[in-house]
Amino acid sequence: MLQLLPLLMPIIQDLIGRIPDPQAQAKAAAEMQTKLIDVLSASDAAQLQVNATEAANPSVFVSGWRPFVGWLCAIGLGVQTIAYPLAGWALSVYSPGTRLPQMDTDTLLALLFPMLGIGAYRTIEKVKGVAK
């Protein structure tokens with residue numbers, strides 16, 4: 001359903017725009033926005049339920065994938081910021097002229113930054129006493 005929203009919105013707005021009465025048009029637009037918010041909220045609630053069920057699972061293969069991704073990002077960032085420059089320096093000392101291959105960090109950073117944001121949000125929840 002969520003994938004269809006970008007395709008359906010122009011059609012819905014066009015249909016609402018064809019209502020001749022401005023008050024009825026405004027009411028229909030407000031109802032459409034309310035229903036859209038309800039659909040998105042229900043989708044978010046369903047995903048939260050799936051996340052809670054996964055996290056409560058005793059199997060590390062089900063509940064441990066998020067920590068694994070976090071550790072993988074941390075190791076990748078450590079390699080990129082500490083190990084790679086030190087290896088380049090050591091290589092230049094022991095074998096001048098040899099260069100290390102370039103590493104693509106776009107995917108790593110695209111995954112790391114949202115995870116850091118979620119972690120910061122969780123920390124704020126704990127500090128404010130909202131988290132259970």
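Me: What counts as a helix or a strand here?
Reply: Helices and strands are DSSP runs numbered from the N terminus, where a helix is H or I over at least four residues and a strand is E over at least two. This is a predicted model, in which local features need pLDDT of at least 70 and side-chain atom pairs count only at pLDDT 80 or more, while totals for chains, interfaces and linings use all residues. Residues are numbered from 1 along each chain as its sequence is written, and side-chain values use heavy atoms, with hydrogens and water left out.

Me: OK, where is Met 103?
Reply: Met 103 sits in the loop between α4 (65–94) and α5 (106–128).

Me: Is Met 103 buried, exposed or partly exposed?
Reply: Partly exposed, because its relative accessible area is 39%. Buried means under 20%, exposed means over 50%, and partly exposed is in between, with a 1.4 Å probe and protein chains only.

Me: Which nonpolar surface patch is Met 103 in?
Reply: Met 103 shares a patch with Trp 71, Ile 75 and Val 79, and together they have about 420 Å² of accessible area. That area comes from the Shrake-Rupley method with a 1.4 Å probe, and for residues only the protein chains shown count as cover.

Me: What makes a patch?
Reply: Its residues have over 30% relative accessible area and no salt bridge; like charges are joined within 9 Å, and nonpolar side chains (Val, Leu, Ile, Met, Phe, Trp, Tyr) within 5 Å. A salt bridge is a side-chain nitrogen of Lys or Arg within 4 Å of a carboxyl oxygen of Asp or Glu.

Me: How many salt bridges are there, then?
Reply: The count by that rule is one. Asp 14 pairs with Arg 18, and their closest N and O atoms are 3.2 Å apart.

Me: Are those two buried or exposed?
Reply: Asp 14 is partly exposed because its relative accessibility is 40%. Arg 18 is exposed, at 62%.

Me: New topic. How do α1 and α2 pack?
Reply: α1 (residues 5–17) and α2 (residues 22–56) pack at about 160°, with their axes 9 Å apart. Axes are lines fitted to C-alpha atoms, for helices over the stretch in contact, and angles run from 0 to 180 degrees between N-to-C directions.

Me: What is that arrangement of α1 and α2 called?
Reply: α1 and α2 are roughly antiparallel; that term covers angles over 145 degrees, while under 35 is roughly parallel, 65 to 115 roughly perpendicular and the rest oblique.

Me: And Leu 48, which helix is that in?
Reply: Leu 48 is in α2, and it counts as exposed because its relative accessibility is 57%.
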